[in-house]
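User: Could you take a close look at one part of this model for me, the packing of the nonpolar interior, and set it in the context of the whole chain? An informal walk-through is fine.

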Amino acid sequence: MTQKVAVLGTGKIGEALLSGMIRAGWAPADLLVTARRPERAEELRARHGVTPVTNAEAAKTADTLILTVKPQDMGTLLDELAPHVPADRLVISGAAGVPTDFFEERLTPGTPVVRVMTNTPALVDEAMSVISAGTHATAEHLAHAEEIFGAVGKTLRVPESQQDACTALSGSGPAYFFYLVEAMTDAGILLGLPRDKAHDLIVQSAIGAATMLRDSGEHPVKLRENVTSPAGTTISAIRELENHGVRAALIAALEAARDRSRELASGNNG
């Protein structure tokens, strides 16, 4: 872990990545950061012991550049970086919907680019980060990206052609679960429970169900059937979910998220 890594545009996810890397054994002296506001850069220095630099300094100094700015700001950032990035730098993009060829066209020919779609559970070291190689990225580059993002959760390699689908499932995925918890909490209030108690019941149920899904090795259908007794309360609820088209709505929602990711990739930011 002697290579220098720079995180450019260090927001919440970028800071979570820094924090995870330090806990995983990276030396703060080997970590560089850039931020739009000087006070934010100093905050990161004080909190983590990392070194704030300009974008140009990061490009000249770091062995790996992790770009975490918003997709609509990526073109401007690359215009600033391009004169300073030699072809032996590894560039990792965390921008949703931005393909690796967008970077390859703007950087020195031969620059290795790795695309990563992570999600907000990186803030609690439970991220799902999906990793794809660009044209010039090698297995070694992918392994390096896995080492970095493995500090904040799980990683999975996929062909870049599957990134839009992964964005729909895991990139946006936490929001769907938050939405479900919100709706179930409101239902608990309707059923006469105080909001705090309804919230605690649903959150712990969600944590328990997720742990069973991860650790039991059982198919979700089997786990659901284990809760669903004949003519019981659970099957009555499942019938209503089916009657209201919840399964079809979820499929349509994920298709819409995938399509929007494709639109972002084509440059439609509207």
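Analyst: Here is a walk through the core, followed by the overall layout and one spot elsewhere in the chain.

Bear in mind that this is a predicted model. The largest nonpolar core holds 26 residues. Inside that core, the residues with the most contacts are Met 21, Ile 66, Ile 92, Val 114 and Ile 148. Quite a few elements chip in: on the strand side, strand 1 (5-8), strand 2 (31-34), strand 5 (90-93), strand 6 (113-117) and strand 7 (127-133) each bring at least two residues to this core. Helix 1 (12-23) and helix 6 (139-149) also supply at least two residues each. Apart from this core sits another one, made of 21 residues, with Ala 62, Leu 67, Val 85 and Phe 103 among them.

Ile 92 is a handy place to zoom in. Setting aside neighbours within four places in sequence, Ile 92 touches a run of residues from Thr 64 through Leu 65 and Ile 66 to Leu 67. Its other contacts under that same filter are Val 114, Val 116, Ala 145, Ile 148 and Phe 149.

Now for the wider picture. The protein chain has 12 helices and 8 strands, and 37% of its 270 residues are buried. Of the contacts with a separation of 6 or more, 62% link residues 24 or more positions apart. The C-alpha atoms fill a box of roughly 70 × 40 × 35 Å along the principal axes. As for the outside, the accessible surface comes to about 14,800 Å², and carbon and sulfur atoms account for 58% of that. The chain carries 25 positive and 33 negative charges, whose mean positions are 3 Å apart.

The domain assignment splits things into domain 1 (5-162) and domain 2 (173-264). Their C-alpha centres lie 33 Å apart, and the contacts between them involve 6 residues of domain 1 and 4 residues of domain 2.

For a spot away from Ile 92, try Thr 185, which is found in helix 8 (residues 173-190). Why does Thr 185 count as buried? Its relative accessible area is 5%, and the cut-off for buried is under 20%, so Thr 185 qualifies. Leaving out neighbours within four places in sequence, Thr 185 is in contact with Arg 195, Ala 198, His 199 and Ile 202. If you'd like a distance to check, Thr 185 and Asp 196 are 11 residues apart in sequence, with 8.8 Å between their C-alpha atoms.

Technical notes: Residues are numbered from 1 along each chain as its sequence is written. This is a predicted model: local features need pLDDT of at least 70, side-chain atom pairs count only at pLDDT 80 or more; totals for chains, interfaces and linings use all residues. Side-chain values use heavy atoms; hydrogens and water are left out. A nonpolar core is a set of buried Ala, Val, Leu, Ile, Met, Phe, Trp, Tyr and Cys residues joined through side-chain atoms within 4.5 Å. Buried means under 20% relative accessible area, exposed over 50%, partly exposed in between (1.4 Å probe, protein chains only). Helices (H or I, at least four residues) and strands (E, at least two) are DSSP runs, numbered from the N terminus. Contact means heavy atoms within 4.5 Å. Accessible areas come from the Shrake-Rupley method with a 1.4 Å probe; for residues, only the protein chains shown count as cover. Lys and Arg count as positive and Asp and Glu as negative; His and the chain ends are not counted. The place of a charge is taken as NZ of Lys, CZ of Arg, CG of Asp or CD of Glu. Domain bounds come from an automatic or database domain assignment.
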